[in-house]
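Work through the following exercises with the sequence and coordinates at hand. Each task is followed by a stepwise solution.

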Amino acid sequence: MYELLETINEPEDLKKLSVDELETLSKEIRSFIIEVVSGTTGGHLGSGLGAVELTVALHYFFNFRNHDSLVFDVGHQCYPHKVITGRRDKLMKLRQHHGLSGFPDPVESCFDLVKTGHGGTSLSTALGMAIANKLAGRTDRTSVAVIGDGALQEGQALEALNHGGDLRDLKFLVVLNDNAHGIGPATGALASYFSKFRTSSAYMGAKKEAKKMLKALDQGGGAIGRAIHDVLDHVKAAAHGLMPAPHPGVLFEELGYFYYGPIDGHNVREIVDALENVSRVPKPVVLHLITTKGKGFKNEDEDFYAHHAAGTHQKVTSHLPREYSRHGGKPYTDVFIDETFELMARDEKVVAITAAMLQGTGLQKVLHKYPDRVFDVGMAEQHAVGFAQGLRLAGHKPICAIYSTFMQRSVDQLFQEIALIKTPVLMCLDRAGLVGPDGATHNGVFDIAYLGMLPNVVLCAPRDGTELKRMMRWGIEHNEPVAVRFPRTAAPRPELELPADQPIERGRCEILREGPDGAILAYGSMVYHALDVVEQLEKRHGKRFTLVNARFAKPLDEAALGPIIEKAPVVFTVEEHVRHGGFGSIVLEFCNRSLLDANKLVILAIDDRFVDHGQRVQVLEDVNLHPAGILRSIEQRLGLGSDKAHADAPAKAVRVG
Ligand SMILES: Cc1ncc(C[n+]2csc(CCOP(=O)(O)OP(=O)(O)O)c2C)c(N)n1
């Protein structure tokens, strides 16, 4: 079934094939990826399927083994690349614990130059490599960035385009993989611009133009300001019938790039021909490919954003233990959406913002009901935060819904636009904590640190679905910036939630259990994990612990926590975040400031390292934040837990129900 594919163990093997055979090989790669990803591993299926032929053509034409360089943007489309670069047999373990990463990773292969997962970065890196080649006189080497029309919206990508366009005598190739989609259908002015040119007549006209240009090898160029004016002039002139309508390359040409395309991104021969043509051009090149997201997968045309990513098959997850005993309610994302609906219904000033994550945040559903009050700003997290400020200052109440990891790209906007003048925006940070299969680039384990360092920002995290709703209701009316973090997991089952009778008040914690033998101060997603642990400590060892739901990392409830810390013989903080700058470290600073005995404090958090992929339960176990791991840490600290069977089967030991 995979006759040709089985002969490909490294990119050099492609060069032994004819172009016709490359077409056949592409079909085999596509079938193989569909079989593995949709049948077992899950992952970014649609993006990889759209990039099969372009990846085959690039590896056929270039030599990426210590010669040319290849950088994928986001990196989620790299499955065909992994298959070609000797990792075919390992694909079955894609995104699984100790298996292949779902993104490029230099640890896996010399063909993965960088580790990525965040969008908009490829052009900068590839341009740096192109300039390094030029400086070293390596004039025969090309530096290639493959970027989607979605990621091209990122500010950093546009900054790199601006920088690169003015440079000459360097081999910098931008392959624009234009499938008219980010995760869902593309939005924004760039998307509208490209969509005009997807017809075949536009292709042909543009191709003729590119060929003409190849002859002339136009050396002119300019940067963004000039380009925008030129494009506008061009459009105006076209409107008045003075010149032909612009082709899609105008934008890039006016930025100083040699533009080639658009061409069919699923035709290997056309792509190889194009690469041959543009390889002679002594200035930055944009090669524009039109592709179909999810090509070859069922319903590719009607429903392709539904399989941007496929879920992990049950056979990979069914043997895993429950995350904590009361786990199994609605995903936090769904609770967030339920409450967003309610807030919007109650107050027409409430608006919601997402940066190209309508599906992931769930805001797609809200958009259907409130099309004028939900804004998808595209892959543009920095802009999203600044935009939220503008809306707020003009009287709206923005919910800025950005995953914890992607919010990292907006730290300066959080500093200036939000914190500095205390702009009351409600930031909802989904995927805060360990995300599981997407791994290190997507773990949201730094937000307490990057937000906590800023004055004026209130940080909170709910213990369950009901509390998430209550925090959002409180936060949207609060007169300071509020960030609520919640994890990529299911909330506790509602019937097993602890009673919610204490109101949410700024900087006030909730004491859930009281006991003389020690205290656990748990933050957000770790509260019910800690509850399991408190129950086990009593059951196994007769130790009764105080359990605090901290609710707020900032401001900390110093009035309540001070006496608890003072009285308890030992105090553990638990959080799903890195130790440095996290909740525990805020408690430690409080102890230091208040002359409380910090020696009794133990911070249970993620050590100073990046956590790789696996199922969420597995990676929680890796970092000892599964209830069994927390219990083990506490037992060790207290000199308890000599029970060998228990030590050997930690996950099972606390599984209830
Ligand atoms: C900074 C950042 N924001 C958001 C995301 C989430 N994300 C992953 S892929 C994707 C869409 C990318 O679209 P495009 O570049 O066109 O690639 P395609 O999947 O369509 O091939 C988004 C928004 C991300 N990875 N990085």
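**Exercise 1.** Find which residue of S17 is the bridge partner of Cys460, and state in which sense strand S11 and S17 pair.

Solution. Step 1: the partner of Cys460 in S17 is Phe552. Step 2: S11 covers residues 458-460 and pairs with S17 in the antiparallel sense, over two bridges. Strands here are DSSP runs of E with at least two residues, numbered from the N terminus, as are helices (H or I, at least four residues); two strands pair if DSSP finds at least two bridges between them.

The model is predicted, so local features need pLDDT of at least 70 and side-chain atom pairs count only at pLDDT 80 or more, while totals for chains, interfaces and linings use all residues. Residues are numbered from 1 along each chain as its sequence is written, and side-chain values use heavy atoms, with hydrogens and water left out.

**Exercise 2.** Place S17 in its sheet and give the strand order.

Solution. Step 1: the order is S8-S7-S9-S10-S12-S11-S17, an open sheet of seven strands with mixed pairing. Step 2: strand S17 (552-554) is an edge strand, as is strand S8 (374-376), and each pairs on one side only.

**Exercise 3.** Describe the pairing of S7 and state whether its faces are covered or not.

Solution. Step 1: S7 and strand S9 (residues 397-401) run parallel and are joined by five bridges; S7 and S8 are also parallel, with three bridges. Step 2: Thr354 has a bridge partner in each neighbour, namely Ala401 in S9 and Asp376 in S8. Step 3: five of the five residues of strand S7 (residues 350-354) are buried, meaning under 20% relative accessible area with a 1.4 Å probe, protein chains only. Step 4: both faces are covered, with Val350, Ala352 and Thr354 on one side and Val351 and Ile353 on the other.

**Exercise 4.** Identify the largest nonpolar core and the helix that gives the most to it.

Solution. Step 1: a nonpolar core is a set of buried Ala, Val, Leu, Ile, Met, Phe, Trp, Tyr and Cys residues joined through side-chain atoms within 4.5 Å. Step 2: the largest has 53 residues, and Leu25, Ile29 and Ile33 are among those with the most contacts inside it. Step 3: helix H1 (residues 19-41) gives the most, with eight residues. Step 4: another core, of 49 residues, lies apart from this one and includes Ala384 and Phe590.

**Exercise 5.** Which backbone atoms lie 2.8 Å and 2.7 Å from the ligand?

Solution. Step 1: a backbone N or O atom of Gly119 lies 2.8 Å from a ligand nitrogen atom. Step 2: a polar backbone atom of Gly150 is 2.7 Å from a ligand oxygen atom.

Technical notes:
Buried means under 20% relative accessible area, exposed over 50%, partly exposed in between (1.4 Å probe, protein chains only). A polar contact is a pair of N or O atoms within 3.5 Å; within protein, one must be able to donate a hydrogen and the other to accept it, and residues adjacent in sequence count only if both atoms are side-chain atoms.
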